[in-house]
Amino acid sequence: MGDQSFIGELVRLSQLYYQRQWMFATAGNLSVRSEKKHSFWITASGKHKGELNNNDFVEIDISSESMISTTDGNKPSAETSIHHSIYNHLPDANSILHVHTLESNLLNFQLTPEEGYRLIPIPPVEMIKAFGIWTERPNLQMATFYNFGEVKKIADTISLFLNKHPDYSLPFVLVEEHGPTVWGKTITEANRHLEAVAFLFQVMAHHK
Ligand SMILES: [Zn+2]
């Protein structure tokens with residue numbers, strides 16, 4: 001494999017998600033942990049997601065959170081700190097995908113900045129098996145975060161949550177009025193999780 005082939009796979013998914021209307025214009029960000037594991041590659045800020053290419057990524061060091069390498073003066077995605085929190089806390093997460101789907105924006109639980117996050121029950125639909133959960137009618141709750149204007153605050157709240165809930169079994173979180181952030185052991189697994197999350201949110205939005 002190697003980092004360049006990982007990046008090629010993210011470019012392919014970016015086009016697919018753009019066509020699905022999950023990443024309008026420059027919205028959303030996709031990343032993968034590098035083969036050497038000490039860093040991750042993330043989409044550069046301000047790039048149109050329907051026209052992404054292999055040079056539109058920057059490499060971020062996980063221990064210092066600073067940029068290691070880039071091309072053409074690219075800047076990291078505005079939401080890099082959220083990816084950083086997840087890579088830092090979950091050693092098995094090797095790819096993180098964040099999109100803005102319509103249904104994820106229709107779900108609204110009226111979170112407040114004071115609470116920061118809340119666990120929200122999700123319906124036990126068949127599609128949950130895509131998360132590797134095979135229990136019949138499981139009681140699952142997804143971590144849902146307040147959409148702080150300052151992204152670092154969302155990232156810090158996610159870190160706080162993952163510290164407090166090391167047993168969290170779902171491979172995603174939702175930022176309210178914004179979109180899901182989904183992870184997996186591989187890009188393929190993260191993509192499978194994201195498709196299942198998108199369907200789950202369609203179900204939840206219809207139930208409202
Ligand atoms: Zn976003």
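Exposed here means over 50% relative accessible area, buried means under 20%, and partly exposed covers the range in between. With a relative accessible area of 58%, Glu126 is therefore exposed. This structure is a predicted model. The briefing covers two pockets, three salt bridges and one annotated histidine pair.

**Largest pocket**

- The largest pocket holds about 290 Å³ of space.
- Its lining is made up of 16 residues, and Leu90, Asp92, Leu170, Pro171 and Trp183 are the closest to the centre.
- Two elements, β9 (179-184) and α5 (187-207), each give at least two residues to the lining of the largest pocket.
- The lining of the largest pocket counts 9 nonpolar, 4 polar and 3 charged residues.

**Second largest pocket**

- About 150 Å³ of space lies in the second largest pocket.
- Its lining has 13 residues, with Phe6, Val32, Lys185, Thr186 and Ile187 nearest the centre.
- Helix α1 (3-19), strand β1 (29-33) and helix α5 each supply two or more residues of that lining.
- By class, the lining of the second largest pocket splits into 4 nonpolar, 4 polar and 5 charged residues.
- α5 thus has a part in both linings: that of the largest pocket and that of the second largest.

**Salt bridges**

- Side chains of opposite charge can pair when their charged atoms come close.
- The model has 7 salt bridges. Three are described here, by residue pair.
- Arg12 and Glu9 form a salt bridge, at 3.1 Å from N to O.
- Both Arg12 and Glu9 sit in helix α1, 3 residues apart, or about one turn of the helix.
- Arg12 has 44% relative accessibility, which lies between the 20% and 50% limits, so Arg12 is partly exposed.
- Glu9 has 25% relative accessibility and is also partly exposed.
- Lys129 and Glu126 form a salt bridge, at 3.0 Å from N to O.
- The partners in this bridge fall into two accessibility classes: Lys129, at 33%, is partly exposed, whereas Glu126, at 58%, is exposed.
- Lys152 and Asp156 form a salt bridge, at 2.8 Å from N to O.
- Lys152 and Asp156 both belong to helix α4 (residues 151-164), 4 residues apart, about one turn of the helix.
- Lys152 is partly exposed, with a relative accessible area of 39%.
- Asp156 is partly exposed too, at 39% relative accessibility.

**Annotated histidines**

- An unreviewed UniProt entry places the feature "binding site" at His98 and His100.
- His98 lies in strand β5 (residues 95-98).
- The relative accessibility of His98 is 2%, under the 20% limit, so His98 counts as buried.
- Leaving out residues up to four places away in sequence, His98 touches Met23, Gly28, Asn29, Leu30, Glu79, His83, His178, Gly179, Pro180 and Thr181.
- Two of these contacts are themselves histidines, His83 and His178.

**Points to look at in the structure**

- For the largest pocket, start from Trp183 and Leu90, two of the residues closest to its centre.
- For the second largest pocket, start from Phe6 and Ile187, which are among the residues nearest its centre.
- For the salt bridges within one helix, view Arg12 with Glu9 in α1 and Lys152 with Asp156 in α4.
- For the annotated site, view the buried His98 with its contacts, including Glu79 and Asn29.

Terms used. Residues are numbered from 1 along each chain as its sequence is written. This is a predicted model: local features need pLDDT of at least 70, side-chain atom pairs count only at pLDDT 80 or more; totals for chains, interfaces and linings use all residues. Side-chain values use heavy atoms; hydrogens and water are left out. On a 1 Å grid over the protein atoms alone, a cavity is a set of points where a 1.4 Å probe fits but cannot get out, and a pocket is an open set with protein on both sides within 12 Å along at least five of seven lines; lining residues have an atom within 4 Å of a point. Grid points are joined across faces, edges and corners, and a volume is the space filled by probe spheres set on the points. Ala, Val, Leu, Ile, Met, Phe, Trp, Tyr, Cys and Pro count as nonpolar, Asp, Glu, Lys and Arg as charged, and the others, Gly among them, as polar. A salt bridge is a side-chain nitrogen of Lys or Arg within 4 Å of a carboxyl oxygen of Asp or Glu. Buried means under 20% relative accessible area, exposed over 50%, partly exposed in between (1.4 Å probe, protein chains only). UniProt positions are given in the numbering used here, feature names are shortened, and annotations may be inferred rather than shown by experiment. Contact means heavy atoms within 4.5 Å.
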